[in-house]
Amino acid sequence: MISVYQENHGWLEQTSGYEKGAWIHVEDPDEEEISHLHEVLGVPLTFLRAALDPREVARTDSRKNIHLIIVRVPYESDDDRVPFHTAPMAMIIAPDHFITLCRRPIDFVRDLNYTFDERELMTRRAGRLVLAILGVVGDWFLRYLEELQKRLDDVEERMMDSIENKEMKEFLGYEKSLVYVKTGLQWNDEMLGHVQGKNHFGWDEQDMELFEDVQIEYRQGYHMAETMLEVLEGTTDAFASLISNNLNVVMK
């Protein structure tokens, strides 16, 4: 699916056509749509396919006057074994357009509209929009970490009176989620280090302040995930021993 947005007095609005300065957002494209974007906008096929590979890491690349940034984006999964996961999203800066591409549905337009004012959010300034999107993604990571913490607290509370394996399986799923979230944050932070100081993004002093805020957010999320993972591993070991002891008491 291809959606096109244009800035109108500081507000992102959906429009049609590929006018100069438009933002083109693509979700789960088929081969026809990929070929269409390649032929009409001149975007390299390797850039378009990069975000469709679930194993793609956060990175940057450039081909002539077209620049690629891939960031890992968190999402809530339907798989109970791994409730939270991350997926790659490509941001492509072309001479006349800004393109975002992801296999999964991602709705960050509302967050962008309500987070940034009219002086900050301009589709014709792709470099600024890159930072705005990176900021929204960083905020999502922190929200999911808070949600993970709430669920872990709930499971821990239930485990106090449990001798079954259900809660331990939940812990295992959340542990896997934290590993993916932590790794995604680490990759994103390393990617930010690569783009820092790149002239082709046209970042000014105000942009660099936003860049530093985004970087701090990713590092904060990384350390939160790391701490939660360490606590979870210790808690899992403790409750495994507790369940074993409870079973021994029941057997006796």
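## A walk around the second largest pocket

Guide: In this predicted model, 13 residues line the second largest pocket, and Pro54, Tyr75, Thr86, Ala87 and Pro88 are the ones nearest its centre.

Visitor: What makes a residue part of the lining of the second largest pocket?

Guide: A lining residue has an atom within 4 Å of a pocket point, and 13 residues line this pocket, Tyr75 and Thr86 among them. Two elements give two or more residues each to that lining: strand 5 (66-76) and strand 6 (84-93). The largest share, 4 residues, comes from strand 6.

Visitor: Which classes of residue make up that lining?

Guide: There are 7 nonpolar, 2 polar and 4 charged residues in the lining. Pro, Tyr and Ala count as nonpolar, so Pro54, Tyr75, Ala87 and Pro88 belong to the nonpolar class. Thr86 counts as polar, because Thr is in neither the nonpolar nor the charged list.

Visitor: What is the volume of the second largest pocket?

Guide: About 150 Å³.

Visitor: And the whole chain: what elements does it have?

Guide: It has 6 helices and 7 strands. From the N terminus on, their order is β-β-β-α-α-β-β-β-β-α-α-α-α.

Visitor: What makes a residue count as buried?

Guide: Its relative accessible area must be under 20%. Of the 252 residues in the chain, 48% count as buried.

Visitor: How much accessible surface does the chain have?

Guide: The accessible surface comes to about 13,200 Å², and carbon and sulfur atoms account for 47% of that.

How values were computed: Residues are numbered from 1 along each chain as its sequence is written. This is a predicted model: local features need pLDDT of at least 70, side-chain atom pairs count only at pLDDT 80 or more; totals for chains, interfaces and linings use all residues. Side-chain values use heavy atoms; hydrogens and water are left out. On a 1 Å grid over the protein atoms alone, a cavity is a set of points where a 1.4 Å probe fits but cannot get out, and a pocket is an open set with protein on both sides within 12 Å along at least five of seven lines; lining residues have an atom within 4 Å of a point. Grid points are joined across faces, edges and corners, and a volume is the space filled by probe spheres set on the points. Buried means under 20% relative accessible area, exposed over 50%, partly exposed in between (1.4 Å probe, protein chains only). Accessible areas come from the Shrake-Rupley method with a 1.4 Å probe; for residues, only the protein chains shown count as cover.
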